[in-house]
Each structure stands twice: as C-alpha cells, then as structure tokens.
There are 2 protein chains.
Amino acid sequence: MVRNEARRTALLDAAIDVLAQEGARGLTYRAIDAKAGVPAGTASNYFANRDELMPAVMTRVHERLMPSGESVAESLALPRDRSLTVKFMHDIIKRADADKACYLAMMELRLEATRRPEIREALTRTIAGNIEDNVAFNEESKLPGDRMTVVSLYFAMTGLIYERLTLPDVVATMDLDELVEVMVNRAIG
Amino acid sequence: MVRNEARRTALLDAAIDVLAQEGARGLTYRAIDAKAGVPAGTASNYFANRDELMPAVMTRVHERLMPSGESVAESLALPRDRSLTVKFMHDIIKRADADKACYLAMMELRLEATRRPEIREALTRTIAGNIEDNVAFNEESKLPGDRMTVVSLYFAMTGLIYERLTLPDVVATMDLDELVEVMVNRAIG
DNA sequence: AACATAGTACTACAGTTGTCGTGGTTGAAC
DNA sequence: GTTCAACCACGACAACTGTAGTACTATGTT
C-alpha cells in the first residue's frame, strides 16, 4: 500500500467532501479521485477496499474536529461565569458552521456505525471521552454547573447542531443568541 | 404507475427496513423487493425512479411516527405537573426504541434532505410544525414551563435519541431516568 | 551507470444497479 | 364469454462500481 501522507490526507479530505455532498451512496473511488483532482484509480492505490476506507475517513474527521487549544486558553482568561459557558457553546456552533462538511461526514459515519462495529467502537470512545473531558474541564476550571449541566448541555447542543445542519430553516426563525443563553442558564440551574 | 395501496405500503415499509439496516447506499430496487418478499422488479413497477421513491418513503416514515392520540389523552388525565412532562419524554424514548428502523430511516432521510430540496421542505414543515404543536400543547394543557422549555427540551431529546440510536454505548453508562428527570426539571427552570 | 524502491497512472473485468419494455394474469363490467 | 384495465413477473441492457493487475516515472543508493 502506497504511503504518501500528503496525498493520502488530500484523498481523505476529498472523501469527506464527497460524503457531505453526495452521501454515503456517492462515496466511490472514482468520486474521491475526481474531487481530489487526481487521476482515476489513485484512491484505490491508497485504500485496499471500502471497508478500509471508512475507518480512515473517520480518523481524519476526528483529527479535523479537534479544537485548537489556543482558543480555549484564550477563553480561560475570562471570568469563569455563565457568560463564559455561553461563549463556549457559541464557539462550538461556529466551528460546526465553519466546517459543515466535516460534521455532515461525521453524521454519515455515525449512521454507518450502526452497522460497522469497528467504526462504532472508535466513535463511542471518541464521543464518550469527549463528554468526560468536558465534565472534567468544567469542574477543574471552576465553571458554573455540575456534571448533569455538562451532559444535558451536550445533548441539547448535539440536537441543535444536528437540526441546524440538516434542516436549517427549522432553526432559522429562532433567536440563536437567546436560545443558547436560556439553554445554558437552565442547564446550570 | 401501479396503485395497489397495500402492496405499495409494504414496499415502503421494506424500504424503511433496508434504509435502517443497510443505509442509503443499500437502498436499491432489488433490496426492497427482497426485503418485501416480492419478485424482483416489483418495486420498479411502483416507483418510476429513485427520485420518486425517496419522498414516498419519507411520507411513510411520517405516517408511522405519528403518536397514537389515545395515549396522549390517557396521560392528560394525570396531574399537570413536572412528573407528567417527564412521562411524556419517556414515552418519546419508548417510541424510538420500539421503532428504531423508522427513526434510523428518518436520519438517513434527513441527511438526504441536505441535498434534496423537496425532502428538505417536507421535513422542515413536519418538524417545525411538530415543535409549534408541542409549544401550543404545553401551554393549552397548562403544563409547567414556557416556550423555551419546550424548545430546549426538544433539542435535548433529539440529541439524546440520536446518541442512543447511533452510539448506544455512550449513553449506556448513564442513568436514563435521572438524566430525563434532571433535563426536564432544569428546562422548566 | 545500474539498480532498487516507492509512488503514480492507467486499464481490464466481473458483478451490481437503475431503468424500460413486454407479455401474462386477474377480476370485474357488460 | 368477451373486453378491458389494472396489476404483476421477468428479462434485457447500458451505465456504474469495486478491485486487481501492470507498466511507467522519479528519486536516491551503490
């Protein structure tokens, strides 16, 4: 198997775009090659078969969705109150808007996870770890709210982002700032 | 186009199962025929092409997800307090568990909606209407909480069900009863 | 210069899929 | 008992897809 990392990554990024634009149904070797602008047959030089491709895409999505770290540090200079939690939630929404393709690809992969145990295990680890990290972060940073605040906010944000990406017009009529503020305030209790 | 309603519905139900089990990628005429136990070619006698099939499936999903009405009436005999809202939330979760295929199919369709305007419009109407109905119902029934209670609970429940269906192990370690109770209590404020 | 290696381009092929057409069956109306 | 429309089974076919194989190119090593 060929191992030009730059090219391989470019192919995976192309696969993410294809997933977002065409869905799992459109994810073919030829579609990836076309999207990446490489000659037909290239993707199959990098991924032996479709079963090997999907987990690789999933790993790439995970990489791309990692928060920057420096923006977190920046935020932590602010006072640790409710308005900071609100800011964090808005940051998450902004990241989703900025990289829609990645989130949509993850949604395709999550559905794929219902029938592929390897993807399911990897995603479960990622997401469960993410929730635990958030709970620990919230506590260590002395941000307001308890464990349940973080968990219920996680679900609400998941639902909100899911809705915004798949059926934007449902949320379009709502005041996003007000919505996030109320959700945070009540989740904190 | 053929119009034997019973057979058509059976084919659509088969399509829902295929969507849930194999994903949008596996939704082929032959797969539908096989799942419905009818001779190959039958589905194509009922749906001229794939673009006509998808909205039909979506309509059928919508039909199947409608709540029974009598169970609602039954619940309304109970005292209109927080515990009733908790009960309603548990009913929703139960319905999702009882008809996983339908919910999974809807998730596939929601992703399909990002690239098919007809499905998107239909789903947007359905979901937005559903939220408004819930808001009105909550108010008319003098259930506790305001509009924001209903909206934020809607998102939290969407996220929770999404998580439970796609990555059940993430939620498995949580105490579902406690989670729903806290979510309701805080959403009410 | 000769060679080895990794990466790349391209092609072939068998299996699958969407779609269309065609002929057969059923059952009710007359 | 003929007619007719609706329904059904089946096959054909071109287009597309996954996969494997093969030959070409670039680069570095000896």
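**View 1. Here is the area buried between chain A and chain B in this predicted model.** About 4,200 Å² is buried between the two chains, and carbon and sulfur atoms give 67% of that area. Three residues are good ones to find first: A:Arg25, A:Phe155 and A:Arg186 supply 19% of what chain A buries against chain B, more than any other three residues. The contact draws 53 residues from chain A and 53 residues from chain B.

**View 2. Now we turn to the polar pairs between chain A and chain B.** There are 18 residue pairs in polar contact between these chains, and six salt bridges cross the interface. One of the salt bridges joins B:Arg110 to A:Glu163, with the closest N and O atoms 2.9 Å apart. On the side of chain A that touches chain B, the elements giving two or more residues include helix 1 (5–22), helix 7 (100–113) and helix 9 (147–166) of chain A. Helix 9 of chain A provides the largest share, 14 residues. By residue type, this side of chain A divides into 30 nonpolar, 11 polar and 12 charged.

**View 3. This close-up shows the protein around DNA strand C.** Among the 19 residues around the strand, A:Asn4, A:Arg25, A:Tyr46, B:Arg30 and B:Arg50 come nearest. Sugar and phosphate make up 63% of the strand's atoms that come within 4 Å of the protein. Helix 3 (42–46) of chain A gives the most to this surface, three residues.

**View 4. Finally, here are some polar contacts to DNA strand C.** A polar side-chain atom of A:Asn4 sits 2.8 Å from a phosphate oxygen of the strand, while a polar backbone atom of A:Arg3 is 3.0 Å from a phosphate oxygen. The side chain of A:Asn45 places an N or O atom 3.3 Å from a base nitrogen.

Methods. Residues are numbered from 1 along each chain as its sequence is written. Chains are lettered from A and ligands numbered from 1 in the order in which they are written. This is a predicted model: local features need pLDDT of at least 70, side-chain atom pairs count only at pLDDT 80 or more; totals for chains, interfaces and linings use all residues. Side-chain values use heavy atoms; hydrogens and water are left out. A residue is near a molecule or strand if one of its heavy atoms lies within 4 Å of it. A polar contact is a pair of N or O atoms within 3.5 Å; within protein, one must be able to donate a hydrogen and the other to accept it, and residues adjacent in sequence count only if both atoms are side-chain atoms. Helices (H or I, at least four residues) and strands (E, at least two) are DSSP runs, numbered from the N terminus. Contact means heavy atoms within 4.5 Å. Buried area is the accessible area (1.4 Å probe) that two parts lose on being put together, summed over both. A salt bridge is a side-chain nitrogen of Lys or Arg within 4 Å of a carboxyl oxygen of Asp or Glu. Ala, Val, Leu, Ile, Met, Phe, Trp, Tyr, Cys and Pro count as nonpolar, Asp, Glu, Lys and Arg as charged, and the others, Gly among them, as polar.
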